[in-house]
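Me: Could you walk me through reading a few annotated positions and one helix?

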Amino acid sequence: QGSSLVLGIETSCDETAVAVVERRADGQGRILSNVVLSQFDKHAIYGGVVPEIAARAHTDCLDRLVQVALAEAKIGFSDLSGIAAASGPGLIGGLIVGATTGKALALATGKPFLAINHLEAHALTVGLTDGVRPPYLMLLVSGGHTQLLLVEDVGRYRRLATTIDDALGEAYDKTAKLLGLPMPGGPSVEKAALSGNPKRFDLPRPMAGREDPHFSFAGLKTAVRHAAAKIAPLSATDVADLCASFQAAVCESVADRVRRAMRVTLSSLPEDRPKPFVVAGGVAANKVLRTALVGVSEDFGFTFHAPPLGLCTDNGAMIAWAGAERLALGLADGLQAPVRPRWPL
Ligand code: KG4
Ligand code: ZN
């Protein structure tokens, strides 16, 4: 099989994104264009993503973004090998806009359509950016998901752990909201924490020490709420200290869970080469968490990999790449492929 060029469309939440990637026959990837339009301003006054507004905003700009992505890649529709669209999990209105557009383009151009699982796209991004191939252990941390996965192969994922309540990105977003910081909460909390004292508040390290590798963040968020209520009104220093203390608790809890998963997966990964540990998803953009996970990886003899910051949060390149990987395996979908608001890996 030769090289392929795939167009990827991402509309599962509040970013409208389109990209073109190339996948060479040797499995190496290259991004030809990657355009992301955040709808952040449209949702800001509501303090969260409003599904109907998101769907309409995707409708307004998607056609134009497809044109821009092709123009930046300096190719036309006829050069494409396939068209991929995120088809779940996510907000159904946005998914319908993206998937229907992708199918229409596939029908008009006669190219195969690829219905992509957004989580699978996050999970495979390091193949595009770092050339990391399965099998590997991975931590997927986004606004809606927190999972430890054994990526056995493209299309073969074994879920080792998940959150029993909030996703990690959700915990960041809720913590930001309760401290009056702007959305998206993750980057706001990370920035505020830079000048804060991580030892000032003694917050719980959820699940630490437990045998199973699952996650929990709801209690931590509530502990921040109680700590904040005790000292209100909050000064800028209080907010910084709360953010830093929250982040320290998050990192220790996650590191403990990852150590647990590393122990149980050591035997499932090949012994004759480095065992990769991969972190991806929006929260993987967090530098403090990345540093903590580099340390854990070193302790257990894993090599640490994470996509560059801009490819941790939602983007079209990851969708296009997952499409190219599936296409290489002959896994194209028909136009009847459904959108699936819930679609576990
Ligand atoms: O993967 P993503 O862009 O969208 C989903 O699929 O959910 O992840 C978005 C989540 C949000 O909760 C956002 O607050 C969080 O990722 N996030 C961060 C950072 N950047 C984004 N969390 C912590 N630190 C960051 N630097
Ligand atoms: Zn995502």
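Here is a short run through the binding site residues and then a helix.

Reply: This is a predicted model, where local features need pLDDT of at least 70, side-chain atom pairs count only at pLDDT 80 or more, and totals for chains, interfaces and linings use all residues. Residues are numbered from 1 along each chain as its sequence is written, while chains are lettered from A and ligands numbered from 1 in the order in which they are written.

Me: Which residues does UniProt place in the feature "binding site"?

Reply: UniProt positions use the numbering here, feature names are shortened, and annotations may be inferred rather than shown by experiment. The unreviewed UniProt entry puts "binding site" at His118, His122 and Asp314. They span 197 residues in sequence, yet no two of their C-alpha atoms are more than 8.8 Å apart, so they gather at one spot.

Me: Is His122 buried or exposed?

Reply: Buried means 20 or more other C-beta atoms within 10 Å of a residue's own, exposed 12 or fewer, partly exposed in between, with C-beta atoms placed from the backbone. His122 is buried, having 32 such atoms, and His118 is buried too, with 28.

Me: Where is His118?

Reply: Helices (H or I, at least four residues) and strands (E, at least two) are DSSP runs, numbered from the N terminus. His118 sits in helix H4, residues 118–129, and His122 is in H4 as well.

Me: How many residues has helix H3?

Reply: Expected span is 1.5 Å times one less than the residue count. H3 (92–109) has 18 residues and reaches 25 Å from first C-alpha to last, close to the 26 Å expected.
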